[in-house]
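Please open the model in a viewer and keep the selection tool at hand. The tour below proposes a series of selections and describes each one.

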Amino acid sequence: MKANIAPEEYFKGVFVASPTTLKQKLKQVRAFVFDWDGVFNDGRKNIEGHSGFSETDSMGVNLMRFSFFLTNKQLPATALITGENNQLAFSFAKRESFHNVYYKAANKEKALMHFCSQHRISPADVLFVFDDVLDFSVAKLCGARFMIGRAASLLLSEYAAENRLVDYITKNSGNNHGVREVSELVMSMGNNFDVAVDHRMKFSEAYKDYITLRNSIAPQFYSAKDNLVTPDVLI
């Protein structure tokens, strides 16, 4: 990405916060947290209640975590917080070596505070990717907020913007790689998109160090049912 071209020239979502303000917010980020339904997919479920993901988004998340690693020389704490029990989400988190997964989270704020306490960070250090009203209690606390846009939820997006619950609303929806849009925007604002891609393309020593460290993580699963965050050793 050319350094002299502004992010808004590439990214056609809605900058609720100015690009300058968002870039400053991203400098404080130490963790990435994602909702699942409507973020990695369009929210539709199969007969077993599961919803899937795209490899395009998976690569985006991995590159974004690697981009952070290149800049900070450490991994970002990474988590899913979902209201459902979704085996495909669990498989994704295991494969991608997320630190934490919270499910059955009707009150997602409880899960966020548990995650922050475990990793000794504050909500202001968290980048949150979300899509719907159940996520607003978390969005109001987090430092950098990215809402997955959806043509059917224009009033909800407007509500989020008017109430300062979001910093950027994606042009692309959950079933059209909105997560990848977020990932590339975040990397570009970190000024190392090209560097991160070059390292990954060459499978450099820096990328080998990152992937070895990433793959050493065993995700911790928690049920957040009834406002109680409890470890789940069966998943």
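The stops that follow concern a helix, a charged side chain and several aromatic rings in a predicted model.

**Helix α2.** Select residues 19-28, which form helix α2. Pro19, Leu22 and Leu26 are buried there. They lie on the same side of α2, because they cover an arc of only 60° around the axis. Thr20 and Lys27 are exposed, on the face turned away from that buried side. Next, display the elements against which the buried residues of α2 pack, among them α1 (7-10), β5 (126-130) and α8 (178-189).

**Arginine 65.** Proceed to helix α3 (residues 55-72), where arginine 65 is found. Which side chain of opposite charge is nearest to arginine 65? It is glutamate 96, 5.1 Å away; arginine 65 is buried yet has no salt bridge. Select threonine 78 to see a polar contact of 3.4 Å between its side chain and that of arginine 65. The side chain of arginine 65 also reaches the backbone oxygen of serine 97, at 3.0 Å.

**Aromatic pairs.** Now select phenylalanine 69 and tyrosine 210, a tilted pair with 5.7 Å from centre to centre and 55° between the planes. Phenylalanine 69 belongs to helix α3 and tyrosine 210 to helix α10 (residues 205-215), 141 residues apart. Both residues are buried. Turn then to phenylalanine 136 and tyrosine 159, whose planes meet at 15° with the ring centres 5.9 Å apart, so this pair is stacked. Phenylalanine 136 is buried at 9% relative accessibility, whereas tyrosine 159 is partly exposed at 44%.

**Final selection.** Conclude with Phe34, Trp36, Phe40, Phe53, Phe92 and Phe98, which ring pairs link into a cluster.

Notes
Residues are numbered from 1 along each chain as its sequence is written. This is a predicted model: local features need pLDDT of at least 70, side-chain atom pairs count only at pLDDT 80 or more; totals for chains, interfaces and linings use all residues. Side-chain values use heavy atoms; hydrogens and water are left out. Buried means under 20% relative accessible area, exposed over 50%, partly exposed in between (1.4 Å probe, protein chains only). Helices (H or I, at least four residues) and strands (E, at least two) are DSSP runs, numbered from the N terminus. The arc is that of the directions from the helix axis to the C-beta atoms. Contact means heavy atoms within 4.5 Å. Lys and Arg count as positive and Asp and Glu as negative; His and the chain ends are not counted. A salt bridge is a side-chain nitrogen of Lys or Arg within 4 Å of a carboxyl oxygen of Asp or Glu. A polar contact is a pair of N or O atoms within 3.5 Å; within protein, one must be able to donate a hydrogen and the other to accept it, and residues adjacent in sequence count only if both atoms are side-chain atoms. Rings of Phe, Tyr and Trp (its six-membered ring) pair if their centres lie within 6.5 Å; planes under 30 degrees apart count as stacked, over 60 as edge-to-face and the rest as tilted.
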